[in-house]
Amino acid sequence: MIRVRQIDHIVLRTNLVEEMVRFYEEVLVCSIERQTTPETGLTQLRAGDALIDIVAVDSELGRAGGGPPGRTENNIDHFCLQIEAMSEDKLHAWLEAHGVIRGAFETRYGANGFGPSIYIQDPDGNTIELRPLNP
């Protein structure tokens with residue numbers, strides 16, 4: 001029987017590589033783990049135990065996925081990142097300091113049951129759910 005334990009990685013295709021990498025590094029504090037050649041077009045960022053792959057649309061890997069995503073043609077609905085426990089006020093302040101528009105905290109169901117989470121968007125318009133772990 002297969003038992004999924006966590007997200008391994010997600011792949012986001014983009015024509016805004018620098019902006020996307022900067023967003024995931026500066027706002028979500030992910031670190032670049034690996035980069036391939038520009039021709040291949042892959043930047044992998046460490047997000048806890050998982051990876052977020054940023055792929056240039058005009059690269060070898062990116063062309064395999066079709067046209068570029070946009071505000072109305074995203075490749076995913078959203079993904080959820082569990083983050084360390086942090087107060088709503090501190091998270092709001094962090095996002096505001098980085099110019100990130102956010103939704104309101106709401107109780108939603110996820111891998112660890114019901115809990116508070118908030119939606120934000122990256123520079124390509126992909127929706128990210130941030131879910132602080134309970135202290």
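Two salt bridges are counted in this predicted model, a salt bridge being a side-chain nitrogen of Lys or Arg within 4 Å of a carboxyl oxygen of Asp or Glu. Because the model is predicted, local features need pLDDT of at least 70 and side-chain atom pairs count only at pLDDT 80 or more, while totals for chains, interfaces and linings use all residues. Residues are numbered from 1 along each chain as its sequence is written, and side-chain values use heavy atoms, with hydrogens and water left out.

| Salt bridge | Closest N and O atoms |
|---|---|
| Glu-33 and Arg-46 | 2.7 Å |
| Arg-108 and Glu-106 | 3.8 Å |

The bridge between Glu-33 and Arg-46 links distant parts of the chain, since Glu-33 belongs to strand β2 (residues 31-35) and Arg-46 to strand β3 (residues 42-47), with their positions 13 residues apart in sequence. Helices (H or I, at least four residues) and strands (E, at least two) are DSSP runs, numbered from the N terminus. Glu-33 is partly exposed at a relative accessible area of 44%, and Arg-46 is likewise partly exposed, at 28%; here buried means under 20% relative accessible area, exposed over 50%, and partly exposed in between, with a 1.4 Å probe and protein chains only. In the other bridge, Arg-108 is buried with a relative accessible area of 13%, whereas Glu-106 is partly exposed at 43%.

Aromatic side chains form two pairs in the structure. Phe-23 and Tyr-24 make an edge-to-face pair, with 5.1 Å from centre to centre and 80 degrees between the planes, and both of these residues are buried. The rings of Tyr-109 and Phe-114 have centres 4.9 Å apart and planes at 70 degrees, so this pair is edge-to-face too, but both Tyr-109 and Phe-114 are exposed. The rings of Phe, Tyr and Trp (its six-membered ring) are paired if their centres lie within 6.5 Å, and planes under 30 degrees apart count as stacked, over 60 as edge-to-face and the rest as tilted.

The largest nonpolar core has 24 residues, of which Tyr-24, Leu-28, Ile-52, Ile-128 and Leu-130 touch the most other members. The elements that give two or more residues to this core are β1 (9-14), α1 (17-26), β3, β4 (50-56), β5 (78-83), α3 (88-97), β7 (113-121) and β8 (127-132), and α1 supplies the largest share, four residues. A nonpolar core is a set of buried Ala, Val, Leu, Ile, Met, Phe, Trp, Tyr and Cys residues joined through side-chain atoms within 4.5 Å. In soluble globular proteins, nonpolar side chains tend to be buried together.

Contacts (heavy atoms within 4.5 Å) fill in the surroundings of individual residues. Leaving aside neighbours within four places in sequence, Leu-130 is in contact with Leu-28, Leu-81, Ile-83, Leu-91, Leu-95, Ser-117, Ile-118 and Ile-120. Ile-54 lies in strand β4 and is buried at 0% relative accessibility. With the neighbours within four places again set aside, the contacts of Ile-54 include Leu-12, Thr-14, Val-17, Met-20, Val-21 and Tyr-24, as well as Gly-41, Leu-42, Thr-43 and Leu-45. Among these partners, Val-17 is 37 residues from Ile-54 in sequence, yet their C-alpha atoms are 6.8 Å apart in space.

Ser-59, in the loop between β4 and α2 (60-63), is also buried, at 2% relative accessibility. Not counting residues up to four places away in sequence, Ser-59 touches Pro-38, Glu-39, Thr-40 and Gly-41.

On the surface, Val-29, Met-86 and Trp-94 form a nonpolar patch with about 280 Å² of accessible area together. Patches are made of residues with over 30% relative accessible area and no salt bridge, like charges being joined within 9 Å and nonpolar side chains (Val, Leu, Ile, Met, Phe, Trp, Tyr) within 5 Å; accessible areas come from the Shrake-Rupley method with a 1.4 Å probe, and for residues only the protein chains shown count as cover. Trp-94 is placed in helix α3 and is partly exposed at 34% relative accessibility. Val-29 sits in the loop between α1 and β2, is exposed at 59% relative accessibility, and has a positive phi of about 55 degrees although it is not a glycine.
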